Amino acid sequence: MTTPHRIRIVDAFTDRPFAGNPAGVLLLDAFPEDAWLQNVATEVNHAETAFAHRLPAGGGADWALRWFTPATEVDLCGHATLATAHVLRATGAAQGPVRFATRSGVLTTTAHDDGTITMDFPTAPLTPTAIPDGVAQALGAEPLAAYDAGANLGDLLVELADEKTVRALTPDHKALIRHSERGIIATAPAEDPSRGYDFVSRGFFPRVGIDEDPVTGSAHTALAPFWSRRLGRTELTGLQASARSGLVRTELRGDRTFLTGRAVTVIEGDLYA
C-alpha cells in the first residue's frame with residue numbers, strides 16, 4: 001500500500017467553514033515530479049492546491065512552496081499561501097514568521113495572536129491601458145478604465161461604475177480568455193463603507209482553469225495600490241463579492257503589499273496516491 005500523504009482543505013480569507021476560498025494543502029518531504037503535483041491538484045479540483053516542504057536551516061527561506069490550479073502551475077497565489085501558513089501554525093510545524101521560497105521570490109507570512117495571518121507580497125505595478133476591444137461585451141458591463149497589473153500577475157484590472165455593477169456581472173468566460181495572460185479583476189468602490197469594506201472586486205481566471213475565483217489574495221496586490229491612491233489611505237479592506245465571499249485587509253508599503261486574513265481547516269484526511 002502506498003504510504004499516504006496528509007492532505008487538508010482550508011477555507012482562506014474567512015473565519016467560518018464554507019466561505020472564503022478553499023485550497024488544498026500538502027506538506028511533503030520533497031517535491032515529487034510535476035505530473036504528480038498536477039494530478040493531485042486536478043483531483044482536489046479547487047482553485048489552487050499548495051505543496052510545501054521544509055528547507056535546510058540557515059538559508060534564505062524556511063519552506064519551499066508551489067501552487068497548482070486544476071489546469072496548471074501558477075506564479076503567485078495568496079489564498080493558498082494563507083492556507084499553508086495556517087496549516088503550519090495549526091500543526092506546530094512552524095513558529096513565528098515563515099519565509100517561503102516561491103516562483104515570485106521569498107514571501108513571508110506572520111501569524112498573530114488574534115488568529116489572523118499577514119502575508120508580505122510584491123506590489124503589482126499598475127499601468128493605465130486602453131480598454132481592449134471586446135472586454136465590455138465579455139464582462140457584460142462597460143469599464144470606466146483599465147490597467148495592466150504587470151507580468152508577475154498577468155491580470156487586467158478594470159474599474160466599473162459601482163458595487164452593484166460588479167455584483168451583477170455574468171461574464172462570458174470563454175470570451176475573457178483572450179484579454180489577459182491570467183485573468184480579469186473587476187472592481188468598484190464600496191457602496192456603503194460602514195459595512196466594513198472600502199472596495200469590492202471579483203476575479204475571473206478561465207485561462208488557468210478558474211472561471212471565477214472566490215477570493216484572490218494575489219489580485220489584492222493590484223487592488224491595494226489602485227484604491228490606496230484613489231482613497232488616500234494605505235490601509236484598506238476589500239470584499240471579494242463572489243458567491244462564497246471573503247475579506248482581505250491590505251496595507252500598501254511601497255513595493256510591498258501586506259495582505260491579512262483568517263483561515264479555517266474544514267477537511268483533513270489521507271491521500272493514497
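**Reading pockets, cores and one leucine**

Author: In this predicted model, S16 supplies the largest share of the lining of the largest pocket, namely 4 residues.

Reader: Which strands each supply at least two residues of the lining of the largest pocket?

Author: They are strand S16, which covers 246-253, and strand S17, which covers 256-261.

Reader: How much space lies in the largest pocket, and which residues are closest to its centre?

Author: The space in the largest pocket comes to about 260 Å³. Its lining is made up of 16 residues, and those closest to the centre are Phe13, Thr14, Asp15, Leu247 and Arg262. When the lining is sorted by class, it holds 7 polar, 5 charged and 4 nonpolar residues.

Reader: How should I read the second largest pocket, and which classes of residue line it?

Author: The same headings serve here, beginning with the space, which is about 180 Å³ for the second largest pocket. This pocket is lined by 13 residues, with Val74, Asp75, Asn152, Leu153 and Arg182 closest to the centre. The lining of the second largest pocket divides by class into 5 nonpolar, 5 charged and 3 polar residues.

Reader: Turning to the interior, which residues of the largest nonpolar core touch the most other members?

Author: A nonpolar core is read through side-chain atoms within 4.5 Å of one another, joining buried residues. In the largest nonpolar core, which has 45 residues, those that touch the most other members are Phe13, Trp63, Trp67, Leu82, Leu157, Ala222 and Leu223. Helix H2, spanning residues 78-91, gives this core its largest share, 6 residues. Another core, of 20 residues, lies apart from it and includes Leu139, Leu169, Ala188 and Leu239.

Reader: What is tryptophan 63 in contact with, leaving aside its neighbours within four places in sequence?

Author: With those neighbours left aside, the contacts of tryptophan 63 include Leu27, Leu55, Leu88, Val98 and Phe100, together with His53, Arg54 and Arg99. Ala52, Ala93, Ala94 and Ala101 are also in contact with tryptophan 63.

Reader: Why does leucine 231 count as partly exposed?

Author: The class is decided by relative accessible area, with buried meaning under 20% and exposed over 50%. Leucine 231 has 34% relative accessibility, and therefore counts as partly exposed.

Reader: Where does leucine 231 lie, and what does it touch?

Author: Leucine 231 lies in helix H6, which covers residues 220-231. Not counting residues up to four places away in sequence, leucine 231 touches Asp198 and Leu236. As for arginine 195, which is 36 residues from leucine 231 along the chain, the C-alpha atoms of the two are separated by 16 Å.

Note on methods:
Residues are numbered from 1 along each chain as its sequence is written. This is a predicted model: local features need pLDDT of at least 70, side-chain atom pairs count only at pLDDT 80 or more; totals for chains, interfaces and linings use all residues. Side-chain values use heavy atoms; hydrogens and water are left out. Buried means under 20% relative accessible area, exposed over 50%, partly exposed in between (1.4 Å probe, protein chains only). Contact means heavy atoms within 4.5 Å. On a 1 Å grid over the protein atoms alone, a cavity is a set of points where a 1.4 Å probe fits but cannot get out, and a pocket is an open set with protein on both sides within 12 Å along at least five of seven lines; lining residues have an atom within 4 Å of a point. Grid points are joined across faces, edges and corners, and a volume is the space filled by probe spheres set on the points. Ala, Val, Leu, Ile, Met, Phe, Trp, Tyr, Cys and Pro count as nonpolar, Asp, Glu, Lys and Arg as charged, and the others, Gly among them, as polar.
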